[in-house]
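Reader: I'd love a close look at a single part of this model, followed outward into its surroundings. Could you take me through one buried spot and then the sheet and pockets around it?

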Amino acid sequence: MIKGRKDSDARYIKHAPDIKIVTTSGIRKKAEFDNPFDEDSSEAKLYTAIIEGSDETIDIASNLLNKMSPSEILETVMIEALQTVGTLYEKKIYFLPQMIKSANSAKRLAKHLKQFIAQDKTSTKGTVVMATVKGDIHDIGKNIVALMLENAGYRVIDLGKDVENKDIVEAAVKYKADIVGLSALMTTTMQQMGNVIKLLKKHNIPTIVMVGGAAVNSDFAKSIGAEGYSEDAVSAVRLADLLIKGSYGKAGHTKIDD
Ligand code: B12
């Protein structure tokens with residue numbers, strides 16, 4: 001299927017979930033996983049479609065929009081499906097191509113649902129600079145948090161993924177960030193959050209820092225001096241609201257050294 005072709009990697013990823021698992025008894029079978037949703041429901045179909053990286057997620061989600069809000073679809077079905085992808089990867093049932101295919105399908109779905117999430121542009125509760133830290137390319141969760149914050153009335157400056165610490169600090173200054181929101185999904189990258197906080201402190205930038213991402217927890221957040229931690233996008237908005245109430249001052253420095 002892929003040997004000797006220029007587009008071999010893309011073709012491998014496209015067909016990844018069709019590649020059967022070889023069991024110890026030598027039998028080839030499709031990856032199996034539990035489905036927590038009611039059998040034959042649109043939720044169950046969407047869950048499976050995301051895990052298998054199907055092109056049909058948008059069509060299935062369109063049916064679901066009759067009974068669930070777009071943010072509920074993201075926060076329940078999509079996140080649940082990606083957790084399962086992570087588990088399949090941990091168990092070495094899925095490998096990177098399958099994980100990429102699922103992630104691409106989830107990203108397309110999130111982009112599609114974004115248009116249905118009404119955004120209140122009239123008021124601004126404050127400015128949040130969001131980034132996935134250096135060395136980490138996971139951005140699906142960060143994008144959902146950014147979307148929910150925007151929807152809740154924040155001005156969000158999204159710096160993207162794999163962002164240098166210095167660039168985060170510079171953006172906090174440039175945009176007079178009330179809050180810096182950092183995301184990390186790997187144990188190897190979560191340490192960067194502490195480095196960003198140190199750099200903010202070094203330059204006396206009075207921005208509040210909130211952190212999140214699957215690798216992070218409340219204890220870790222406290223240990224690095226972050227003001228807030230939340231485990232999902234809905235609570236991230238509540239957290240931002242609480243943090244901003246105690247907000248004081250704005251960033252004022254202009255030049256950031258490493
Ligand atoms: C999708 C995925 C990928 C995609 C990422 C695509 C993308 N554009 O994001 C791809 C395939 C590219 C990928 C690559 C890799 N991945 Co990966 N990936 C995942 C997976 C399956 C799902 C992550 C996800 O999107 N979850 C759904 C989102 C919505 O959840 P979330 O990010 O946690 O965000 C929510 C909350 O945490 C919170 N939140 C998030 N950010 C923030 C920020 C703030 C401020 C706040 C308040 C809240 C908040 O709100 C969000 C919404 O509710 C996880 C498994 C897992 N269980 O997490 C592995 C996982 C994170 N990946 C892992 C690994 C190892 C890798 C690779 C190193 C694999 C490899 N060998 O190359 C590379 C990393 C490359 C790099 N340098 O970053 C490991 C990390 C292990 C660890 N603990 O360190 C995991 C846990 C898989 C596993 N079980 O082993 N991955």
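Author: Happily! Let's start with L239, which has a relative accessible area of 14%; because buried means under 20%, L239 counts as buried. This is a predicted model, so please read every value here as computed from the prediction. L239 is found in helix α10, which spans residues 233-245. Its C-alpha lies 7.6 Å from that of Y229, although L239 and Y229 are 10 residues apart in sequence.

Y229 leads us from the helix into the sheet, since Y229 in β7 is the bridge partner of V211. Strand β7 covers residues 228-229 and pairs with β6 in the parallel sense, over 2 bridges. Between these two strands comes helix α9 (residues 218-223), and β6, α9 and β7 together make a right-handed β-α-β unit.

Now to β6 itself, residues 208-212, where 5 of 5 residues are buried. In a regular strand the side chains alternate between the two faces of the sheet. Here both faces of β6 are covered: I208, M210 and G212 are buried on one side, and V209 and V211 on the other. On to the next neighbour: β5 (residues 179-183) runs parallel to β6, and 5 bridges join the two. One of the pairings sets S183 against G212 in β6. To get from β5 to β6 the chain passes through helix α8 (residues 191-202), and this β-α-β crossover is right-handed.

S183 also points us onward to β3, because T132 stands opposite S183 in β5. Strand β3 (residues 127-132) pairs with β5 in the parallel sense, over 5 bridges. Put together, the 5 strands form an open sheet in the order β4-β3-β5-β6-β7, with parallel pairing. The edges belong to β4 and β7, each of which has a single partner strand, so one side of each is left without a neighbour in the sheet.

From the sheet we can step into the largest pocket, which holds about 1400 Å³ of space. Of its 45 lining residues, H138, I140, G141, L185 and A214 are the closest to the centre. Several elements give two or more residues to this lining, among them β5, β6 and our starting helix, α10. The most comes from α4, with 10 residues. By class, the lining of the largest pocket has 25 nonpolar, 12 polar and 8 charged residues. Domain 1 (9-114) and domain 2 (127-245) both give residues to this lining, so the largest pocket lies between them.

The second largest pocket has a volume of about 260 Å³. It is lined by 13 residues, and A110, K114, N143, I144 and L147 lie nearest its centre. The elements that supply two or more residues to this lining are α5, α6 and β4, and β4 is one of the edge strands of the sheet. The largest share of the lining, 6 residues, comes from α6. Sorted by class, the second largest pocket is lined by 7 nonpolar, 1 polar and 5 charged residues. Each of domain 1 and domain 2 gives at least three residues to the lining of this second largest pocket.

That brings the tour back to where it began: L239 is buried in helix α10, and α10 is among the elements that line the largest pocket.

How values were computed: Residues numbered from 1 in each chain as written. Predicted model: local features only at pLDDT ≥ 70, side-chain atom pairs only at ≥ 80, totals over all residues. Heavy atoms only, no water. Buried < 20%, exposed > 50% of the residue type's maximum accessible area, 1.4 Å probe, protein only. Helix = DSSP H or I, 4+ residues; strand = E, 2+ residues; numbered from the N terminus. Right-handed = clockwise from strand over helix to strand, strands pointing away. 1 Å grid on protein atoms, 1.4 Å probe; cavity = no way out; pocket = protein on both sides within 12 Å on 5 of 7 lines; lining within 4 Å. Points joined across faces, edges and corners; volume = space filled by probe spheres on them. Nonpolar A, V, L, I, M, F, W, Y, C, P; charged D, E, K, R; others polar. Domains from an automatic or database assignment.
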